[in-house]
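Visitor: I'd like to go through this one with you and ask where each label comes from. Can you put it up on the screen?
Guide: Sure, here you go.

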Amino acid sequence: MTNPTTNSNAQSAALGSSKFISSENILEALEAPLQALVMNMGLAIEDFLDNVLNIDRIKYAVIVIFSFGVLIVLWRPYIRSLNEKIFRTKGMLNMIPLEIIMKSENLKEKFLSGNILHSVK
């Protein structure tokens, strides 16, 4: 078995040895480059997040432009044709003679209530 006093003497000798001093010098020499690497890593992460944010903004702008394109190309003509059909239907309802409307109680009630669409069915 080893003696505790000799063990502590060996430890104190190891602490004062040139190996410990040289590893301390190595740590001091590596500290500046490691800090520079950490700073570069932080800057690289910020650049990456900025690029991702810019790409997302571009995607949003494309979606908005595409939506307006669909609105102009598809929705507006649909609304125009729907308005034409409504005016055509109103015109056909205006062609019904008043005598026929007065004779039919069902038509008379529908016209007076303002619910013209049910009177056509």
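Visitor: How many helices and strands are there, and what makes a run count as one?
Guide: The protein has five helices and zero strands. Both are DSSP runs numbered from the N terminus: a helix is H or I over at least four residues, a strand is E over at least two. Along the sequence that reads α-α-α-α-α. Bear in mind that this is a predicted model: local features need pLDDT of at least 70, side-chain atom pairs count only at pLDDT 80 or more, and totals for chains, interfaces and linings use all residues. Residues are numbered from 1 along each chain as its sequence is written, and side-chain values use heavy atoms, with hydrogens and water left out.

Visitor: Which helix has the lowest mean pLDDT, and which the highest?
Guide: Helix α5 (residues 116–120) is lowest at 54, and α2 is highest at 90. pLDDT is the predictor's confidence in each residue, from 0 to 100. The protein's mean is 81, with 76% of its residues at 70 or more. Where pLDDT is low, the predicted coordinates should not be read in detail.

Visitor: Why are Trp-75 and Tyr-78 called a tilted pair?
Guide: Rings of Phe, Tyr and Trp (its six-membered ring) pair if their centres lie within 6.5 Å; planes under 30 degrees apart are stacked, over 60 edge-to-face, and the rest tilted. By this rule there is one aromatic pair. Trp-75 and Tyr-78 sit 5.4 Å centre to centre with 40 degrees between the planes, so they pair and come out as tilted. Both lie in helix α2 (residues 18–94), three residues apart, about one turn of the helix.

Visitor: Are those two buried or exposed?
Guide: Neither: buried means under 20% relative accessible area and exposed over 50%, with partly exposed in between (1.4 Å probe, protein chains only). Trp-75 is at 46%, so it is partly exposed; Tyr-78, at 43%, is partly exposed as well. Leu-71 lies in helix α2 and, at 37%, is also partly exposed. Of the protein's 121 residues, 3% count as buried.

Visitor: What is Lys-108 in contact with, and how do you know?
Guide: Contact means heavy atoms within 4.5 Å. Leaving aside neighbours within four places in sequence, Lys-108 is in contact with Ile-101 and Met-102. Lys-108 lies in helix α4 (residues 105–113), and its relative accessibility of 29% makes it partly exposed. The C-alpha atoms of Lys-108 and Leu-98, ten residues apart along the chain, are separated by 9.5 Å.
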